Amino acid sequence: MTNARGPGRQIVLGGLVLTMNARGDTFAPGVVVIDGPRIAHVGPEASWSPDPGDDLVDCHDQLVMPGLVNTHTHTCAALFRGLAEDRSRAAWAGYTLPWQDRAGAEAYHFGSILGALEQLTSGVTCIADRFSYMDTCAEAFDRVGIRAVVGHTLFDIGGALEWPRAVALLERWGTAPESRVHAGLAPHAPDTCSDDLLRRIRIEADARAARVFIHCAQSEAEVAAVRARGHTGPVHCLAATGLLGPDVVAAHCIYVDAGEIRRLAATGTWVAHCPASNAKTEGRLPPVAAMLDAGVAMALGTDWAPSNNGMDLFDEMKSAGLLNKVGAGDPAALPVDRLLAMATIDGARALGLDGYIGSLEPGKLADVITLAMDAWHLLPWHRPAATLVYSAKGRDVRNVWVDGRRLVRQGQAADWSLATIRGEIARVWRDLRAGKSVSRSSAVR
Ligand SMILES: [Zn+2]
């Protein structure tokens, strides 16, 4: 028995506790003790004796695991879900971008609440999120209680440079990794950012110890544009401007050559793999098997709602497994244990947060989820990683804690009414269609 005393502890008793720690410990039955914002103890159920004041959360029919980490999304674009089907990236931009430009801060605030609650109730406890209007998006994440690293999208080719807004976001939310909502730098992509801007972002990132988030090698047009500027490819462009490294998360990386894969691996640059979005908007996948063979660090992202059409990381694990087996012509590609790590501890590593989240270990912040185990589509539980990747859904999530706060109870957002948010979203769309909500500047991803 290893009781450390403290008031208001929550004792989560689980049928199966999957820690995702380095030893791969599981406990059945197990216990996770949450003391304030942190995990105080993880172990077999018999390793803890509750005190009279403890809040016992009986999850004996549930699996307990770390919250999932979505390393690339634009949550507020939940507003545009279902607007861009069966078209190329260039074509669907014509269907969503007009609304994107017309929507204003209030629309994006409620879009962020909708998307954050979608993610939270499906087990995503941490997101790396980037868009315009990030201050109002960050406020929404703070209200909802989800963990978020936020970045204001910067670009200077074909549009405005919004450096002061990006700096204001950094000033307001800071870059401290233990802070539940904090900021990073978010250049849009190598083809929309000049070399000078990319170099300036490296200097700023170093000065502030800020993480950098960028789209990379999303389209053949992007490759052509950076070649026109004298670079061999998008990753080479990032290398030349100082924007490769373990503090950089490059989303997509579809069109990369062997030399670029080697550079990604050698520099420890993170790739946010977004398989559903890549399939839907590009009809192409990155060379994931080659990247993993080369030792490229990879995590998972859902990208935005128009190209997915949701932000459920259980879906994304399954999509990544299936699509990459097809892509590689190899059923052994992307095994379940790797996928589960990409959605949890490796996602935390990508965001520089593995000292705080990503696994259930004493001293880490209590970002914890539980899932139903007793369901038609989940039984029997031969191998938890296989069931979680290929059978479980976000809607199987029952309880969610972030920073020790229980934000989802029995599958429902504890502090939010779906009817209220549905009403706000309907009102936003009435105003948008009536032309009432006009933005001050172009909204970009
Ligand atoms: Zn994106």
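**Group meeting talk: strands, helices and one buried threonine**

Hi everyone, let's start with a pair of strands: E7, residues 124-131, and E8, residues 147-154, run parallel and are joined by 6 bridges. Please keep in mind throughout that this is a predicted model. If you want a landmark for the pair, find Cys126, which stands opposite Arg147 in E8.

Now stay with E8 for a moment. How many of its residues are buried? The count is 8 of 8, so E8 is mostly covered, with buried meaning under 20% relative accessible area. Look at the two faces in turn: Arg147, Val149, Gly151 and Thr153 are buried on one side, and Ala148, Val150, His152 and Leu154 are buried on the other. Yes, that list does include Arg147.

Next, helix H3, residues 134-144. Its buried residues are Met134, Thr136, Cys137, Ala138, Ala140, Phe141 and Val144. What covers them? The cover includes H2, our two strands E7 and E8, helix H4, strand E9 (181-183) and strand E17 (405-409). Just after H3 comes Gly145, with a positive phi near 100°.

One of those covering elements deserves its own minute. Helix H2, residues 105-121, packs against H3 at about 40°, and the axes are 8 Å apart. Roughly parallel or oblique? Angles under 35 degrees would count as roughly parallel, and the angle here is about 40°, so H2 and H3 are oblique to each other. The crossing is right-handed. On the H2 side, the contact is made by Ala105, Tyr108, His109, Ser112, Ile113, Ala116, Leu117 and Leu120. H3 brings Thr136, Cys137, Glu139, Ala140, Phe141, Arg143 and Val144. By type, that contact has 10 nonpolar, 3 polar and 2 charged residues.

Let's set another helix pair beside that one. H4, residues 163-173, and H5, residues 195-208, pack at about 15°, with axes 13 Å apart. That angle makes H4 roughly parallel to H5. This crossing, too, is right-handed. From H4 we have Trp163, Val167, Leu170 and Glu171 in the contact, and from H5 there are Leu197, Arg200, Ile201, Glu204 and Arg208. The residues here divide into 5 nonpolar, no polar and 4 charged.

Moving along the chain, we reach an open sheet. Its 4 strands come in the order E11-E12-E13-E14, with parallel pairing. Which strands are at the edges? They are E11 (212-216) and E14 (297-300), each of which pairs on one side only. From one strand to the next, the twist averages 30°. E14 pairs with E13, residues 270-273, over 4 bridges, again in the parallel sense. In that pairing His273 has Leu300 of E14 as its bridge partner. Helix H11, residues 313-328, packs on the sheet and touches both E13 and E14. The direction of H11 makes about 130° with that of E14.

Last stop, and a small one: Thr344, in the loop between helix H12 (336-343) and helix H13 (345-350). Buried or exposed? Thr344 counts as buried, because its relative accessibility is 0%. And what is Thr344 in contact with, leaving aside neighbours within four places in sequence? The list is Met20, Met65, Pro66, Gly67, Leu68, Val69 and Gly358.

That's my tour, thanks for listening!

Terms used
Residues numbered from 1 in each chain as written. Predicted model: local features only at pLDDT ≥ 70, side-chain atom pairs only at ≥ 80, totals over all residues. Heavy atoms only, no water. Axes fitted to C-alpha atoms, helices over the stretch in contact; angles between N-to-C directions. Parallel < 35°, antiparallel > 145°, perpendicular 65-115°, else oblique. Left-handed = near helix turned anticlockwise from the far one by under 90°. Contact = heavy atoms within 4.5 Å. Nonpolar A, V, L, I, M, F, W, Y, C, P; charged D, E, K, R; others polar. Pairing = 2+ DSSP bridges. Buried < 20%, exposed > 50% of the residue type's maximum accessible area, 1.4 Å probe, protein only.
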